[in-house]
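Visitor: I am new to this one. Could you show it to me and take some questions?

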Amino acid sequence: MLTIDQATYDAIIAHARRDHPDEACGVVAGAVGSDLPTRFVPMVNAAMSPTFYEFDSTDLLRLYQEMDDNDEEPVVVYHSHTATEAYPSRTDVNLAGEPGAHYVLVSTRDGAHESGPVEFRSFRIVDGEVTEEEVRVVARYDDVTTHTTKNEEADV
């Protein structure tokens, strides 16, 4: 299960809407071993394409150096689909190089780039196998390891 705070969830959706009609992409880093996405890092889609995303290699190298310096890892790797459902394409599966990461897809199809609900789904992709997982949105992380109330979480 991916547990993500409301602010980060909202930031990913805002980035997907802002970059539409091109695919948006980015990473949410977190402390090594924590599985909590805490540092939102929107990236530039170097492909500038509505059907494909590609991280700029210089930006990606810089991000990995920062994560290494901060004892972080990519907890979430996200991108948007602009005309199709929020499900990994064959290309997405082939490019998934972080077996410990949650791969989040947001679909901005059918007017979702302007307003209203979007599809926000998370997957684990390991050795070419795609497994969808539950997404739990919480107000904040301080209650994640203890009890949360219905006011503090919403299942997506």
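Visitor: How far apart are the mean positions of the positive and negative charges of the chain?

Guide: Keep in mind that this is a predicted model. The chain carries 11 positive and 31 negative charges. Average the places of each set, and the two mean positions are 4 Å apart.

Visitor: In what order do the elements of the chain run from the N terminus?

Guide: There are 3 helices and 9 strands to place. Read from the N terminus on, the order is β-α-β-β-α-β-α-β-β-β-β-β.

Visitor: What radius of gyration does the chain have, and what would a compact globule have?

Guide: The C-alpha trace spans about 40 × 40 × 30 Å along its principal axes. For 156 residues, a compact globule would have a radius of gyration near 15 Å. The chain agrees with that, at 15 Å.

Visitor: Of the contacts between residues at least 6 apart in sequence, what percentage join residues at least 24 apart?

Guide: Contact here means heavy atoms within 4.5 Å. Take the contacts between residues at least 6 apart in sequence. The part that joins residues at least 24 apart is 61%.

Visitor: Is phenylalanine 40 stacked or edge-to-face with tyrosine 78?

Guide: The count of aromatic pairs comes to 4. In the pair of phenylalanine 40 and tyrosine 78, the centres are 5.9 Å apart and the planes differ by 15°. Planes under 30 degrees apart count as stacked, over 60 as edge-to-face. So this pair of phenylalanine 40 and tyrosine 78 is stacked.

Visitor: Which strands does that pair link?

Guide: Phenylalanine 40 and tyrosine 78 are 38 residues apart, so the pair links distant parts of the chain. Phenylalanine 40 is partly exposed at 26% relative accessibility, while tyrosine 78 is buried at 1%. The strands are β3 (residues 39-43) for phenylalanine 40 and β4 (residues 72-81) for tyrosine 78.

Visitor: What kind of aromatic pair do tyrosine 87 and phenylalanine 123 form?

Guide: Their ring centres lie 5.2 Å apart, with 80° between the planes. An angle over 60 degrees counts as edge-to-face. The pair of tyrosine 87 and phenylalanine 123 is therefore edge-to-face.

Visitor: Is phenylalanine 123 buried or exposed?

Guide: Phenylalanine 123 sits in strand β6 (residues 119-126), and its partner tyrosine 87 in the loop between β4 and α3. Tyrosine 87 has a relative accessible area of 35% and is partly exposed. Buried means under 20%. At 0%, phenylalanine 123 is buried.

Visitor: Where is the cis peptide bond that involves proline 21?

Guide: Most peptide bonds are trans. Proline 21 lies in the loop between α1 (6-19) and β2 (25-31). Omega is about 20° at the cis bond, which joins histidine 20 and proline 21.

Visitor: What is phi of methionine 48?

Guide: Most residues other than glycine have a negative phi. Methionine 48 is in the loop between β3 and α2 (57-69) and is exposed at 63% relative accessibility. Its phi is positive, near 45°.

Visitor: And what is phi of aspartate 110?

Guide: Aspartate 110 lies in the loop between β5 and β6. This residue is exposed, at 76% relative accessibility. Aspartate 110 is not a glycine, yet its phi is positive, at about 55°.

Visitor: Which residues does glutamate 98 contact, leaving aside neighbours within four places in sequence?

Guide: Glutamate 98 lies in the loop between α3 (90-95) and β5 (102-107). At 23% relative accessibility, glutamate 98 is partly exposed. With those neighbours left aside, its contacts are Tyr64, Pro74 and Tyr103.

Key
Residues are numbered from 1 along each chain as its sequence is written. This is a predicted model: local features need pLDDT of at least 70, side-chain atom pairs count only at pLDDT 80 or more; totals for chains, interfaces and linings use all residues. Side-chain values use heavy atoms; hydrogens and water are left out. Helices (H or I, at least four residues) and strands (E, at least two) are DSSP runs, numbered from the N terminus. The radius of gyration is taken over C-alpha atoms; the globule rule is 2.2 Å times the number of residues to the power 0.38. Lys and Arg count as positive and Asp and Glu as negative; His and the chain ends are not counted. The place of a charge is taken as NZ of Lys, CZ of Arg, CG of Asp or CD of Glu. Buried means under 20% relative accessible area, exposed over 50%, partly exposed in between (1.4 Å probe, protein chains only). Rings of Phe, Tyr and Trp (its six-membered ring) pair if their centres lie within 6.5 Å; planes under 30 degrees apart count as stacked, over 60 as edge-to-face and the rest as tilted.
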